Amino acid sequence: MSLVSIKNLSKTFHTANGDVNALRNIDLNIEEGDIFGIIGLSGAGKSTLVRCINFLEIPTDGTVYFEDKDLKELSHKELLKARQSMGMIFQGFNLLEQRTAIKNICFPLEIAGVARADAEKRARELLEIVGLSDRERSYPSQLSGGQKQRVAIARALATNPKVLLCDEATSALDPNTTRSILSLLKEINEKMGVTVIIITHEMRVIEQICNKVAVIDKSRIVEEGSVREIFANPQSDMARQLILPKGAIKSIDDFVTIRLVFDGLSSYQPVIANLVMECNVPVNIMYADTKDVNGTAAGEMIIQVPEGSLDKVRGYLQRTGIKYKEEM
Amino acid sequence: MDIKMLADLLIRGMGETLYMTLGSTFLAYVIGLPMGIILSVTDKNGIHPNAVVNTVLGVIVNILRSIPFIILLVAIIPVTRFIVGTSIGSTATIVPLVAAAGPFVARMVESSIKEVDPGVIEAAQSMGASNMNIIFKVLIPEAKPSLIVGSTIAVTTILGYSTMAGFVGGGGLGSIAINYGYYRYQTDIMMVTVVMLVIVVQLFQEIGMRITRKTDKRIN
């Protein structure tokens, strides 16, 4: 069975202005080893969802299973114990300001009742993993945002959790730092076998490290599957809105807009140039976001071609195995 | 009155004032610290909301805080007699001082604890920390600089209260100021006691700020 399994979960908040349904009928299965992304706009309910996984928020309805245990059946003590197998990191880092980096990492170990010397030894190993061995005596106020998140990651990993919950963990960081934190998470997933659940509103976060993604919109999951699949062929409006470039590209008369998705194709193949030459069509590139990932092209491109030559272009794209979708 | 006698008088007065102030502050914290923690923990946004406990405790604190100290001083004389055996002298003054300062300290502690970032508390909860863990390992240590600033304010407020006790034979510099300066029109003696009080307040303030600067790891 899955490491984390959510069945028909709903969460309603009772507020002065009436009930707010933060989550409705959520079903999700997260397998061991996954890097699972949950993406949605703010207010969609994603932060509530991640808090239901470790029962910081108690669902109004439905069940959360962690390692086959129904969390709502656990006693308070057992729940606290179960949380030690679930690390969590936050957008605001949430480090103890009055403790040094190493003491912050020791904190969950103190709670778990680990002896001080053992805790410090473990904390040093973790500082090494996150690349901050030289900052063990620094206080959070002396660290940069990226360094704070590294300490927070080390702290979340101290008790050897099975799963790491990341709540907008890179949203307060600049693009470069975001990339380095994401690669650290990926490394932790690969080397330590920790399952990672990432909550974000940024598609590039999902793209960079997730293997699976669930799209959440207005308290419901509207689409779920492998990142590759959803990126190539988004079905729901929300997924399209998140994946496609901002602002709809207007079609011009007699031209058809086509979205090309590159995944797994060789980077060294001059796709567009060949298209122009083989089909003898003027191709207009409206948008392009592609990159080279170890010799294969990844990303997307939006092009326009004259309506008359559409059949030729279709034929070419099918022959070369490029995923495409004609947009209206 | 010769200088030596005056000096003895003032030194004894200072000693009594410090004894009353520091003793009352200590006891006020013995009562006020747990009360303040209970107030913040049982608050509706606290880690263990409990409306009944919070409201009852809140009302008691508010009642005690709304009675002017000079009234409280006289009103609880029977209680003071019961506890200390007399209502005169500096030890007796500690009783009304604690009764007035305890609730004041409770509110100061409550507000310091509430300043702790809720995100940090949530992080501790996500690690499986119990409420006791959170109180002793998160709330108090994280609020420490603010608690120290609060105690500096408390100690100077209590010092001010202690001089008021001079009116009812409370001892200390306040008694000297009232007995010599007010009843006998010896303004010079009153001035000296006031200067001594100013110096003591300055001293407490400075010590408090220094300790805060040294302990607060957010600013360095």
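Here are some exercises on this predicted model, each with a worked solution.

Residues count from 1 along each chain as its sequence is written, while chains are lettered from A and ligands numbered from 1 in written order. Local features need pLDDT of at least 70, side-chain atom pairs count only at pLDDT 80 or more, totals for chains, interfaces and linings use all residues, and side-chain values use heavy atoms, with hydrogens and water left out.

**Exercise 1. Get a feel for chain A**

Task: Find how many helices and strands chain A has, and what share of its residues count as buried.

Solution:
- Start with the elements, which are DSSP runs numbered from the N terminus (helices are H or I, at least four residues; strands are E, at least two). Chain A has 11 helices and 14 strands.
- Next, burial: a residue is buried under 20% relative accessible area, exposed over 50% and partly exposed in between (1.4 Å probe, protein chains only). Of the 328 residues of chain A, 52% are buried.
- For the overall dimensions, the C-alpha atoms fill a box of roughly 75 × 50 × 35 Å along the principal axes.
- Finally, take contacts (heavy atoms within 4.5 Å). Among those in chain A between residues at least 6 apart in sequence, 69% join residues at least 24 apart.

**Exercise 2. Take the domain interface apart**

Task: Work out which elements and residues of domain 1 of chain A meet domain 2 of chain A.

Solution:
- Set the bounds, which come from an automatic or database domain assignment. Domain 1 covers 1-56 + 163-169 + 184-241, and domain 2 covers 244-327.
- Their C-alpha centres lie 30 Å apart.
- Count the touching residues: eight in domain 1 of chain A are in contact with 10 in domain 2 of chain A.
- Now the buried area, meaning the accessible area (1.4 Å probe) that two parts lose on being put together, summed over both. The two domains of chain A bury about 810 Å² between them, with 43% of it on carbon and sulfur atoms.
- On the domain 1 side, Phe231(A), Ala232(A) and Arg240(A) lose the most area, together 60% of what that side buries.
- Helix H8 (227-232) and helix H9 (237-243) of chain A are the elements giving two or more residues to that side. H8(A) gives the most, with three residues.
- As for polar links, the rule finds zero salt bridges across this interface. A salt bridge here is a side-chain nitrogen of Lys or Arg within 4 Å of a carboxyl oxygen of Asp or Glu.

**Exercise 3. Follow the salt bridges**

Task: Say which parts of chain A are tied together by the pair Arg51(A) and Asp167(A), then look at a pair in helix H5 of chain B.

Solution:
- The rule gives 29 salt bridges over all chains.
- Arg51(A) and Asp167(A) form one of them, at 2.8 Å from N to O. Arg51(A) sits in helix H1 (residues 46-53) and Asp167(A) in strand S7 (residues 163-167) of chain A, so the pair ties together parts 116 residues apart in sequence.
- Check burial: Arg51(A) is buried at 11% relative accessible area, and Asp167(A) is buried at 7%.
- Over in chain B, the side chains of Lys114(B) and Glu110(B) meet at 2.9 Å, N to O. They are four residues apart in helix H5 of chain B, so about one helical turn separates them.
- Lys114(B) is partly exposed at 44%, whereas Glu110(B) is buried at 8%.
- Widen the view, and Asp43(B), Arg107(B), Glu110(B) and Lys114(B) turn out to be linked in a network of salt bridges.

**Exercise 4. Map the nonpolar cores**

Task: Find which residues have the most contacts inside the largest nonpolar core, and which helix gives the most to this core.

Solution:
- Use the rule for a nonpolar core: a set of buried Ala, Val, Leu, Ile, Met, Phe, Trp, Tyr and Cys residues joined through side-chain atoms within 4.5 Å.
- The largest has 70 residues, and Val138(B) and Leu139(B) have the most contacts inside it. Helix H5 (residues 90-114) of chain B gives the most to this core, with nine residues.
- Apart from this core lies another of 52 residues, including Ile39(A), Ile102(A), Ala152(A) and Ile206(A).
- Zoom in on Leu139(B): leaving aside neighbours within four places in sequence, this residue is in contact with Val41(B), Ile47(B), Ile113(B), Val116(B), Ile121(B) and Ile134(B).
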